[in-house]
Amino acid sequence: MRIDIITVLPELLKSPFEASILKRAIEAGLVEVHLHNLRDFTSDNYKSVDDYQFGGGAGMVMMIEPIDKCISKLKQERQYDEIIYMTPDGKTLNQGIANELSLKENIIILCGHYKGVDQRIRDHFITREISIGDYVLSGGELGAAVLCDAVIRLIPGVLGNETSALTDSFQDNLLAPPIYTRPRDYKGWKVPDVLFSGNFPEIEKWREEEAYKRTKERRPDLLD
Ligand code: ADE
């Protein structure tokens, strides 16, 4: 998979890809992530990427031209399955969207700034708009980092068996059950006995029941 991220703040997006699982996925050649600085696609001396809103109103708007130039250059080089715009009025990211995107070959992610982008960009280039939650960030970069993390860890081979995505919360629309490790008894706080029974069907049944209980308690909406 290849992900091209278009941003005015590439430095904000470097570190998530330089550590841990995402770094290993890149080093293993399972994913390529390319950051594109929108200012490299400007044509004036000030490297302007934004301008005042037509009709008046507070806040600047990201202009079409640099974004068009950047997207068009990328599209000349390869075909893209999705061109995603990160925005608080997009569809809220969930595990289903992450699963779906993890199967794509090439995607572009456009990070908004200021008040957002000229509507014509959304009308003519964007295939999908994604929000990471009902709050407003100062730009789309952190949302793009969240999206990339959620998607990349699902690419086959990125996670080992021991961290398999198959048992994640949400993978089957249930939250994950409680988990424990050594010691068995810490200051009198004990690990449930069933986990030492050696009876794997019994353990699996306990985990399913706990996952269901937890979901019912914390996220009953997931059970609807
Ligand atoms: N840009 C600003 N706020 C955002 C959000 N909640 N999700 C994605 N991109 C954003």
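**Exercise 1. Place Glu141 in the fold, starting from its contacts.**

Solution. Glu141 is in contact with Thr7, Val8, Leu9, Leu12, Leu13, Cys111, Gly112 and His113, leaving aside its neighbours within four places in sequence. The model used here is a predicted one.

Step 1. Find the element. Glu141 belongs to helix H5.

Step 2. Look at one partner along the chain. Leu13 and Glu141 are 128 residues apart along the chain, yet their C-alpha atoms are separated by 6.4 Å.

Step 3. Check the side chain. It makes a polar contact with the side chain of Thr7, at 2.6 Å.

Step 4. Buried or exposed? Buried means under 20% relative accessible area. Glu141 has 1%, so Glu141 counts as buried.

**Exercise 2. Describe the surroundings of Asp118.**

Solution. Step 1. Asp118 sits in the loop between strand E6 (106-111) and helix H4 (119-124).

Step 2. Its relative accessible area is 17%, so Asp118 is buried.

Step 3. The side chains of Asp118 and Arg120 make a polar contact of 2.8 Å.

Step 4. Set aside neighbours within four places in sequence. Asp118 is then in contact with Val61, Met62 and Ile64.

**Exercise 3. Which elements build the largest nonpolar core?**

Solution. Step 1. Take the core itself. The largest nonpolar core has 31 residues. Ile3, Ile5, Ile109, Leu147 and Ile152 have the most contacts inside it.

Step 2. List the suppliers. At least two residues each come from strand E1 (2-7), helix H1 (20-27), strand E5 (82-92), helix H3 (95-101), E6 and helix H5 (141-152). H5 gives the most, with seven residues.

Step 3. Zoom in on Ile152. Not counting residues up to four places away in sequence, Ile152 touches Ile3, Phe17, Leu22, Ala25, Val31, Val33 and Val158.

Step 4. Note the other core. Apart from the largest one lies another core of 19 residues, including Leu38, Cys70, Ile108 and Val117.

**Exercise 4. Which backbones lie at a nitrogen atom of the ligand?**

Solution. Step 1. List the surroundings. Among the residues around the ligand are Met86, Thr87, Pro88, Tyr135, Val136 and Leu137.

Step 2. Read the distances. A polar backbone atom of Thr87 is 3.3 Å from a ligand nitrogen. For Tyr135, a backbone N or O atom lies 2.8 Å from a ligand nitrogen. For Leu137, the distance from a polar backbone atom to a ligand nitrogen is 3.0 Å.

**Exercise 5. Classify the aromatic pair.**

Solution. Step 1. The count comes to one aromatic pair.

Step 2. The ring centres of Tyr186 and Trp189 are 5.8 Å apart, and the planes stand at 55°. Under 30 degrees would count as stacked, and over 60 as edge-to-face. The pair is therefore tilted.

Step 3. Compare accessibility. Tyr186 has a relative accessible area of 43% and is partly exposed. Trp189 has 59% and is exposed.

Step 4. Add a charge over a ring. Arg184 lies over the face of Phe196, 3.5 Å from the ring centre.

**Exercise 6. Find the unusual backbone geometry.**

Solution. Step 1. Recall the rule. Most residues other than glycine have a negative phi, and most peptide bonds are trans.

Step 2. Find the cis bond. A cis peptide bond joins Arg182 and Pro183, with omega about -5°. Pro183 is in the loop between H5 and strand E8 (185-186).

Step 3. Find positive phi values. Phi of Ser20 is near 55°, and Ser20 lies in helix H1. Phi of Lys187 is near 55°. Lys187 is in the loop between E8 and strand E9 (189-190). Its relative accessibility is 65%, so Lys187 counts as exposed.

Notes:
Residues numbered from 1 in each chain as written. Predicted model: local features only at pLDDT ≥ 70, side-chain atom pairs only at ≥ 80, totals over all residues. Heavy atoms only, no water. Phe/Tyr/Trp six-rings, centres within 6.5 Å; stacked < 30°, edge-to-face > 60°. Buried < 20%, exposed > 50% of the residue type's maximum accessible area, 1.4 Å probe, protein only. Lys NZ or Arg CZ within 6 Å of the ring centre and 35° of its normal. Helix = DSSP H or I, 4+ residues; strand = E, 2+ residues; numbered from the N terminus. Polar contact = N/O pair within 3.5 Å; in protein donor to acceptor, adjacent residues only side chain to side chain. Contact = heavy atoms within 4.5 Å. Core = buried A, V, L, I, M, F, W, Y, C linked by side-chain atoms within 4.5 Å. Near = heavy atom within 4 Å.
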